[in-house]
Amino acid sequence: RESDHRAWTPVSYTVTRQNATVQGLTEGKAYFFRIAAENIIGMGPFTETTKELVIRDPITVPDRPEDLEVKAVTKNSVTLTWNPPKYNGGSDITMYVLESRLIGKEKFHRVTKEKMLDRKYTVEGLKEGDTYEYRVSACNIVGQGKPSFCTKPITCKDEIAPPSLDLDFRDKLIVRVGEAFSLTGRYSGKPAPKVTWLKDDIIVKEDDRTKIKTTATTLCLGILKSVREDSGKYCVTVENSTGSRKGFCQVNVVDRPSPPVGPVIFDEVHKDHMIVSWKPPLDDGGSEITNYIIEKRDAHRDVWMPVTSATVKTTCKIPKLLEGREYQIRIYAENLYGISDPLISDEMKAKDRFRVPDAPEQPIIKDVTKESAVVIWNKPYDGGKPITNYIVEKKETMATRWVRVTKDPIFPSTQFKVPDLLEGCQYEFRVSAENEIGVGDPSPPSKPIFARDPIAKPSPPVNPEAVDKTKNSVDLSWQPPRHDGNGKIIGYLVEYQKVGDEEWKKANLTADSCPETKYKVTGLTEGLTYKFRVKAVNAAGESEPAYVPDPVEVKDRLEPPELILDANMAREQHVKAGDTLRLSAVIKGVPFPKVSWKKEDHEVSPKADIEVTGVGSKLEIRNTVHEDGGIYSLTVENPAGSKTVSVKVVVLDKPGPPRNLQISEVRSDSCYLTWMEPEDDGGSVITNYVVERKDVASAQWVAVSSSSKKRSHMAKYLIEGTQYLFRVAAENQFGRGPYVETLKPIKAIDPLHPPGPPKNLHHVDVDKTEVSLVWNRPDRDGGAEITGYLVEYQEDGADEWTKFQTVPMLDCVVTGL
C-alpha cells in the first residue's frame with residue numbers, strides 16, 4: 001500500500017519461492033509491503049515491513065563513454081565520434097566534455113566550452129603537423145564521469161581516414177566436415193590498411209586447402225574440404241596508421257562423433273541380464289552427444305537385436321538373455337550430424353557370476369628357518385566377487401588336524417611369513433580364499449618342510465697374506481668369509497705347496513685345530529719357496545680356497561720399525577672435553593714390532609681403547625675429561641730396533657672452581673668479594689667470572705655480575721639486616737665451571753666500633769664527700785646507639801681507677817669520697 005493510503009493492494013497469490021519482484025510502482029512514492037504464507041487449510045497471519053520504502057534509482061556519475069573513434073583527419077581539423085556510456089549513473093546525460101592533449105605536453109585541455117550533447121564533433125583550427133590525442137567524458141546531474149580511453153596520437157595532415165570494415169558473415173558459422181566455407185567482406189581506409197587473418201590468436205597461412213584473397217576493397221578467407229581441426233575463433237584485423245577494426249567469427253566444423261571408448265565393462269552378469277558401461281567418445285564431433293544406440297547379439301547368430309536408442313548415460317541394462325548363451329554388445333554414439341562407428345564388446349556368457357573362490361594351487365614354501373617359513377601362492381578365480389581374505393593353515397606331517405596360523409586377515413598379499421614353528425618338526429601348509437559369499441576349498445597341501453635354519457658352504461676367507469716368516473716357518477693371517485652359509489664357522493684348513501710340486505699338503509689336519517683367523521705353518525725348509533691357501537669350514541663343508549697372492553721364500557728377515565704419523569699425531573693435539581681423542585700411526589717393520597702406548601711414562605688410562613692391526617695402531621678415548629690431557633708416547637720395537645714418538649694432548653674444558661673466596665668490608669648495603677683464579681683453567685684463557693647471591697630465606701640465586709674480568713667485586717644494593725650467601729664461577733670459551741660458595745651467611749650491617757670519649761668533662765658543684773659532674777656527648781657513637789656512660793675516679797697519686805657506676809644521662813653525682 002502507498003504510505004498515505006490505508007487500503008492494501010495484492011501483488012501475487014502464487015509465489016512459491018521466498019522472494020518476489022513488485023512491479024508497477026511510481027518513482028518517488030513511499031510504500032509499505034506485507035506477506036503471508038498459505039497452505040491447503042488456509043492463509044496465515046501477515047508480516048509487515050517496519051519502515052516505508054521510497055522508490056528511486058541510486059544515482060552516480062556516468063561510466064566512461066565507449067568507442068571514441070577518429071572519423072576524418074585534415075591538415076587543420078579532426079572529426080571524432082563516440083558512443084554513450086554503458087551506464088548513465090541513474091540520471092540522464094546532460095553534456096559531454098571533449099579534451100585534447102598536444103603530444104609532449106602533460107595536461108589535457110577542454111576543446112570547446114559549448115554544451116555538447118551530440119556524439120560527433122569536429123575540432124578545427126589545428127596546426128598542420130601537430131600531433132594530438134583525445135578523450136571524452138560524460139556529465140549528468142551528479143557530475144563528470146571518468147574519461148574514455150585515449151585515441152591513438154593523431155597528426156594533422158590530409159588524406160587520412162580510419163579503417164572501415166563491412167563483413168558478410170555472422171558471429172557464428174557451423175560447417176559440415178568435407179564442405180567448403182569462406183569468410184568475406186569489404187574494407188576501406190587511408191592510407192590503405194593492412195589485412196591480417198588469425199585463428200585462435202595464430203596467424204593463418206595459405207596451404208592446399210586454405211586460400212586468402214585480398215583486393216583494394218575486398219577480403220576473403222576460404223577453406224576447402226573442411227576438417228574438424230578447422231574449428232576455432234577466426235579474426236580479421238584491418239589496420240592503418242589511424243587505427244584498426246576487427247571482425248570475429250566462431251567456426252564450428254561438425255561431424256558425426258567418434259566411437260565410444262572401450263573396453264565395454266560388464267559391471268554385473270546374471271543368468272537373464274547384464275549391466276554394461278563404457279566411456280564417451282574422445283571427439284563428440286563438435287556437437288553434444290544426443291544418445292547412445294545399444295544392440296546385442298547371440299554369439300552363434302549373425303543378427304543384432306536393438307536394446308535401446310534412448311539412453312544418454314554411459315551405462316545400460318541388457319535384458320531378456322538366455323542362461324548359458326554367450327552374447328556380444330555393440331554401442332554407437334549419435335549427435336545431430338550422424339551416428340559413430342560401433343564399439344563392440346568381448347563375448348560374455350549369461351550366468352550368475354558369484355560363488356565362493358576356487359581353491360588356490362599348491363603353495364610354495366621359501367625362506368625356511370628354525371622358527372618360521374614363508375608360504376607363497378597364486379590368486380585363484382575369485383568367484384565373481386572380490387577376494388577379501390586368505391586363510392593359511394599348518395599341520396605337522398604326522399598329525400591330522402589343521403590349525404590357522406593367524407586370526408588376522410591376510411589381504412591383498414599372496415604370501416605370508418608363518419611364525420612360531422618348533423625347531424626340527426616337519427610341517428605342511430595349505431591356503432583357502434574368502435569373498436563375501438564365503439570361504440572356498442583349501443589348496444592341496446604344500447610339500448613337507450623341516451623347521452630348521454638352512455646351511456650352505458661358506459664363502460672363501462678374505463685377504464689371506466703372509467704377515468711374518470722365519471727360516472723354517474711362515475705366519476699367515478686372513479679375515480673371516482663374507483658369508484658363513486648360515487652355519488657357524490668351525491675353523492680353517494691351511495694348505496701349502498712347494499713351488500714346482502703339484503700336491504698340496506695340509507698344515508693342520510682338522511678345521512677345529514685352527515679356530516682363529518691366523519696360523520703358523522712350521523716344518524718348512526729354509527731357502528725354499530712355498531704357496532699357501534686357506535679354506536673356511538662349517539657344518540655343510542669346506543669353502544673354495546683363498547690363495548696367498550705371492551709365493552713366500554722361507555728365511556729370516558729383519559726390518560727396523562718405522563712410524564708414519566697420522567695428522568692427529570702432530571706435536572700438540574687439542575680436543576674438546578666430551579669429544580673423542582684419536583691418536584694413530586701406520587707401523588712397519590719385520591718382524592712386526594711390539595707396540596706400547598704410555599702417558600707421562602706411565603700406563604695409559606684403562607678407559608683408553610688401544611687397537612693394534614698388522615699395519616698400525618690407534619688409541620681412542622671417548623668422552624674425554626681434562627685429566628686425559630698430557631704427553632702420550634707411542635713406542636714400537638722389534639729385534640732390529642725401536643722408535644718412539646710423542647704428542648702433547650690438551651683437553652679443553654670448562655675451568656675449575658675459583659679458590660679462597662673471601663668477604664670483607666661488610667656494610668648495610670654492600671660488601672667486597674675477593675677470590676683467586678681456579679687451579680685449572682680448562683686449557684683455555686678464563687674470559688670472565690660469574691658472581692651470584694642468595695637471600696638465605698630464598699631458594700633462588702640472583703646474578704650480581706656475569707662479565708667481571710677481575711678477581712674481585714663490590715656487591716651493592718644489599719638490604720640492611722638480610723643474611724646473604726655468595727658464590728662465584730669462572731667461564732672460558734668452553735663453558736662455565738663449578739661454583740665456589742661462601743661457607744657462612746653474611747649479614748648486611750655496618751661494623752660496630754667503641755664510641756669516642758665524652759667531651760668537656762667538668763664539675764659544677766663540690767661538697768666535702770661528693771662531686772657533681774657534667775659532660776657532652778662524644779663526636780662518634782661507633783655505629784650504635786650509646787647505652788650509658790661509665791664513671792670512674794682515682795685518688796691523686798694512686799695508680800688504679802675505681803669504678804663508681806654506669807649512668808644513662810650526661811651528668812652524675814659521685815658520692816662516698
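Colleague: In which strand is Asp-67 found?

Modeller: Happy to help, and please keep in mind that this is a predicted model. To place Asp-67, we look for the strand whose residues take in this position, and residues 66-73 do so. Asp-67 is therefore found, by the DSSP runs, in strand E5.

Colleague: What is the phi of Asp-67?

Modeller: Most residues other than glycine have a negative phi. Asp-67 is not a glycine, and yet its phi is positive. The value is about 55 degrees.

Colleague: Which residue does a cis peptide bond join to Phe-411?

Modeller: Most peptide bonds are trans. Here omega is about 0 degrees, and the bond is cis. The partner lies in the loop between strand E33 (403-404) and strand E34 (415-418). That partner of Phe-411 is Pro-412.

Colleague: And where does Pro-263 lie?

Modeller: Pro-263 also takes part in a cis peptide bond, this one coming from Gly-262, with omega near 0 degrees. Its place is within residues 261-269. Those residues make up strand E21.

Colleague: How far apart are the end C-alpha atoms of residues 259-353?

Modeller: UniProt, in an unreviewed entry, lists this span under "domain: Fibronectin type-III". In the model, the span is 0% helix and 53% strand. Its end C-alpha atoms are apart by 29 Å.

Colleague: What share of residues 359-454 is strand?

Modeller: The unreviewed UniProt entry lists these residues, too, for "domain: Fibronectin type-III". Their end C-alpha atoms lie 30 Å apart, and the helix share is 0%. The strand share is 33%.

Colleague: Which residues does UniProt list for "domain: Ig-like"?

Modeller: The record, an unreviewed entry, gives two spans. In the model, one of them is 0% helix and 64% strand, with end C-alpha atoms 28 Å apart. The other is 0% helix and 62% strand, with end C-alpha atoms 16 Å apart. The spans listed are residues 163-252 and 561-646.

Colleague: How many residues apart are Phe-181 and Tyr-234?

Modeller: The structure holds 15 aromatic pairs. Among them is Phe-181 with Tyr-234, which is edge-to-face, at 6.2 Å centre to centre and 75 degrees between the planes. This pair links distant parts of the chain, as Phe-181 is in strand E14 and Tyr-234 in strand E19. Along the chain, the separation is 53 residues.

Colleague: Which residues form a negative surface patch with Glu-371?

Modeller: Let us start from Glu-371, in the loop between strand E30 (364-366) and strand E31 (373-376). Asp and Glu count as negative, so we look for those residue types. The partners of Glu-371 in the patch are Asp-420, Glu-423 and Asp-453.

How values were computed:
Residues are numbered from 1 along each chain as its sequence is written. This is a predicted model: local features need pLDDT of at least 70, side-chain atom pairs count only at pLDDT 80 or more; totals for chains, interfaces and linings use all residues. Side-chain values use heavy atoms; hydrogens and water are left out. Patches are made of residues with over 30% relative accessible area and no salt bridge: like charges are joined within 9 Å, nonpolar side chains (Val, Leu, Ile, Met, Phe, Trp, Tyr) within 5 Å. Accessible areas come from the Shrake-Rupley method with a 1.4 Å probe; for residues, only the protein chains shown count as cover. A salt bridge is a side-chain nitrogen of Lys or Arg within 4 Å of a carboxyl oxygen of Asp or Glu. The place of a charge is taken as NZ of Lys, CZ of Arg, CG of Asp or CD of Glu. Helices (H or I, at least four residues) and strands (E, at least two) are DSSP runs, numbered from the N terminus. UniProt positions are given in the numbering used here, feature names are shortened, and annotations may be inferred rather than shown by experiment. Rings of Phe, Tyr and Trp (its six-membered ring) pair if their centres lie within 6.5 Å; planes under 30 degrees apart count as stacked, over 60 as edge-to-face and the rest as tilted.
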